[in-house]
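Colleague: Could you take a close look at the interface in this model for me? Start there, then work outwards as far as you think useful.

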Amino acid sequence: MTATPASERLATRRTLHLALATVGWVGTLALAQFGPELLWNRGVVFSWIALVLNLAVGAIWILVHVRYLRAAGELQRKVLLDATGLALGVGLVVGCALTAAHGAGLIGFQLDVALFIILIAVVYIVATAIGNLRYR
Amino acid sequence: MRNRLRELRDERGWSQGALAEHADVSRQTINAIETRKYDPSLPLAFRLARVFELRIEEIFHDA
């Protein structure tokens, strides 16, 4: 993040691009996930199209995110890197522990990958907010 | 790492925002360096040195 108006405008535009790419990815994922049941009665061709579209938009989202990180100021990059490390670490450790617990019959509920995605997202958002508050 | 950022900024009557603008970083970055919560990268240290027309070691030194 930079302080000059031109750089701020550029940073705002990059953030907007990232937000749009994220919404696009989530939207196409929802389409690929729920479309077969709700929209095209499990037609295979449409399901493949939705899946390929989701992968394509996902690839764009990854590129936009990488570009966003490269363009971020060094302090902001540090905050985001710390948050990413924490989110991936917590997701991996808790995910493996829950899988082991499920295998050992210690927990009754069914494990779902959505749980880990939500966990990673929540940890990332909280860690980013804390990082930004810390260096305010 | 200790630094004289605040002292040098005060000498020139600059706010953190003004220095941030000169160095092309965020005000938060300047604040974090001044309060020693964050050590700048070498390119940023060079940039700050250029802004103050000093050598890096005249601004930053070991704690």
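Modeller: Here is a walk through the interface, followed by the parts that lead away from it. The model is predicted, so local features need pLDDT of at least 70 and side-chain atom pairs count only at pLDDT 80 or more, while totals for chains, interfaces and linings use all residues. Residues are numbered from 1 along each chain as its sequence is written, chains are lettered from A and ligands numbered from 1 in the order in which they are written, and side-chain values use heavy atoms, with hydrogens and water left out.

First, the overall tally. Eleven residues of chain A are in contact with 15 residues of chain B, contact being heavy atoms within 4.5 Å. The size of an interface is often given as the accessible area lost when the parts come together. Chains A and B bury about 1,100 Å² between them, and 55% of that is on carbon and sulfur atoms; the figure is the accessible area (1.4 Å probe) lost by the two parts on being put together, summed over both. Look for salt bridges between the two chains and the rule gives zero, where a salt bridge is a side-chain nitrogen of Lys or Arg within 4 Å of a carboxyl oxygen of Asp or Glu. Polar contacts do turn up across the interface: four residue pairs, both residues at pLDDT 80 or more. On the chain A side, helix α3 (residues 74-103) gives the most to the surface that touches chain B, with three residues. A polar contact here is a pair of N or O atoms within 3.5 Å; within protein, one must be able to donate a hydrogen and the other to accept it, and residues adjacent in sequence count only if both atoms are side-chain atoms. Helices (H or I, at least four residues) and strands (E, at least two) are DSSP runs, numbered from the N terminus.

Now zoom in on Y135(A), in the segment after α4 (113-134) of chain A. Leaving out residues up to four places away in sequence, Y135(A) touches L75(A), K78(A) and V79(A) on one side, and Q28(B), N31(B), A32(B), K37(B) and Y38(B) on the other. Y135(A) counts as buried because its relative accessible area is 4%; buried means under 20%, exposed over 50%, and partly exposed in between (1.4 Å probe, protein chains only). The C-alpha atoms of Y135(A) and Q76(A) are 9.3 Å apart, with their positions 59 residues apart along the chain.

Some of those chain B partners lead straight into α3(B). Its buried residues are T29(B), I30(B), N31(B), A32(B), I33(B) and E34(B). That is six of the eight residues, so α3(B) is largely enclosed by the rest of the structure. What do they pack against? The buried residues of α3(B) lie against α3 of chain A, and also against β1 (2-3), α1, α2 (16-23), α4 (42-52) and β2 (60-61) of chain B. Just after α3(B), R36(B) takes a positive phi of about 60°.

One of the buried residues, E34(B), forms a salt bridge with R9(B), with the closest N and O atoms 2.5 Å apart. This pair links distant parts of the chain, E34(B) being in helix α3 (residues 27-34) and R9(B) in helix α1 of chain B, 25 residues apart. Both ends are buried: E34(B) at 15% relative accessibility and R9(B) at 7%.

Helix α1 of chain B (residues 5-12) holds another salt bridge. There, R6(B) and D10(B) meet at 3.8 Å, N to O. They sit about one helical turn from each other because they are four residues apart in that helix. R6(B) is exposed at 52% relative accessible area, whereas D10(B) is partly exposed at 44%.

Further along chain B, R55(B) and E58(B) also form a salt bridge, at 3.7 Å, N to O. R55(B), E57(B) and E58(B) are joined into one network by salt bridges that share partners. R55(B) is exposed at 52% relative accessibility, and E58(B) is partly exposed at 31%. Over all chains, the count by this rule comes to eight salt bridges.
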